[in-house]
Amino acid sequence: MKSIKGENNEEIGMLILNIKESYIYNLISDIKLPDEGQLYIVGKDGNYVMNPLNRIQNGKVDYVKYELYIEEILKQKNGTFIKEIKGKDYLLAFQTIDSINGVELGWTVFSMTPVDIVTSGIDSTKVTLYKIGLVCVAIGFVISLLITHFYNAQLEKRYERKYSIIMERERLASLGQLMGGIAQSFKTPIVSISNGLDELNNLVGEYEKAIEDVTVPDRTKHEIALKMKNCVDNIKPYCSYISDEISAVKGQAVNFNDSTDERFTVDELIKNVKILMSHEIERYQCEMNVDLKVGGDTSIRGEINNMTQVMNNIITNAIESYCGSGGKIDLTFSKKGHNLEISIRDYGCGIPESVMGKLFKEMVTTKGSRGTGIGVYMAYSTIKGRFGGTMTIDSKEGEGTSVNISIPLKG
């Protein structure tokens, strides 16, 4: 139930929405949370639409007045951040549903996941491994090796689960940003296709009249047919462009943890990055230059969507380093021995020395409440874990940053 207000903000009636709770759950059924994660839906007025922990509070109280993290969520609408709530750090991920089937909603789905669950499983396993190690020393070196190997495997599985949760949050946040840019870039080709179809329709009418009129020479008919062919040829590139955009976005929409033994080329990677980042680069008046010192058909083993996500995160950081003033971003692809070397260079604000030493050890950010620090940490983990490569960062405050990736090409 919600009030309906007039032009002068006076209440003129009440609107009763009869929505089954099961339907609301279906809206967010694909969101995977750990056991201790909590999921809510909040309206644009700050009141809960779905509070599964205390249903009687749904739509009853103006939570914005004292739950300040809801106010931050409503301002940002889409994204993630870490917030201390009642003395405990939580990872908040949220996405706004503006409308469904033409019905305006303004609902924001958000999850709260205690940050400590990411590390608690690892810490407890370390204690267990230590105790088991003491026992294994007593009963023999061979048995200790076997037991340690077994528990290391369990530790890796637990870490992978926590890691996948964080990576999925980051993927959803970046996907939300990409969708806005893709929607803008669709306007021009769609309008061009529409105009081309209108012109083609007119030419079809002319051709039909020419066929029926015996006085019209064959040369005129051929000219009309040629114009029709030209219309079709003009429409085809726009259709291909839209198809490429959809394929690129579809790749980023799959689960980020999917990993295959496939291969992709440098040209395919550059194409994906340009499609997905062109709007952000143009929006912030940046210029991206690609220096290709290897063959475009150079093959890389792995999942192209994982590498595209890594590149997008780093380029987004490069764009933001200029603080909206615009600047140059250089992408260089070269080969050193049996490794592919990728360098992403900006000339922006740089990274403070106090942050540089922590980049690959923990999730840190220089963006304040706007950042989570997940992007760089995720990129490093992906390059190391899924491509068997290395990643280094050279940066100096006021001069810019260079992110250097090295990936083995053998095998």
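Biologist: In strand 12, which residue is the bridge partner of L331?

Modeller: Bear in mind this is a predicted model, where local features need pLDDT of at least 70, side-chain atom pairs count only at pLDDT 80 or more, and totals for chains, interfaces and linings use all residues. Residues are numbered from 1 along each chain as its sequence is written, and side-chain values use heavy atoms, leaving out hydrogens and water. Strand 11 (residues 328-336) and strand 12 (residues 339-346) pair in the antiparallel sense over eight bridges; strands are DSSP runs of E, at least two residues, numbered from the N terminus, and pairing takes at least two DSSP bridges. Across from L331 in strand 12 sits its bridge partner, I344.

Biologist: Which strands stand at the edges of the open sheet 9-11-12-14-13?

Modeller: That sheet has five strands and mixed pairing. Two of its strands have a single partner strand each, so one side of each is left without a neighbour in the sheet. Those are strand 9 (287-292) and strand 13 (390-396).

Biologist: At about what angle does helix 6 run to strand 9?

Modeller: Helix 6 (residues 266-283) lies across strand 9, strand 11 and strand 12. Angles go from 0 to 180 degrees between N-to-C directions, with axes fitted to C-alpha atoms, for helices over the stretch in contact (heavy atoms within 4.5 Å); helices are DSSP runs of H or I, at least four residues. For helix 6 and strand 9, the angle is about 170°.

Biologist: And what is the bridge partner of I41 in strand 4?

Modeller: Strand 3 (residues 38-42) runs antiparallel to strand 4, joined by two bridges. In strand 4, I41 is partnered by M50.
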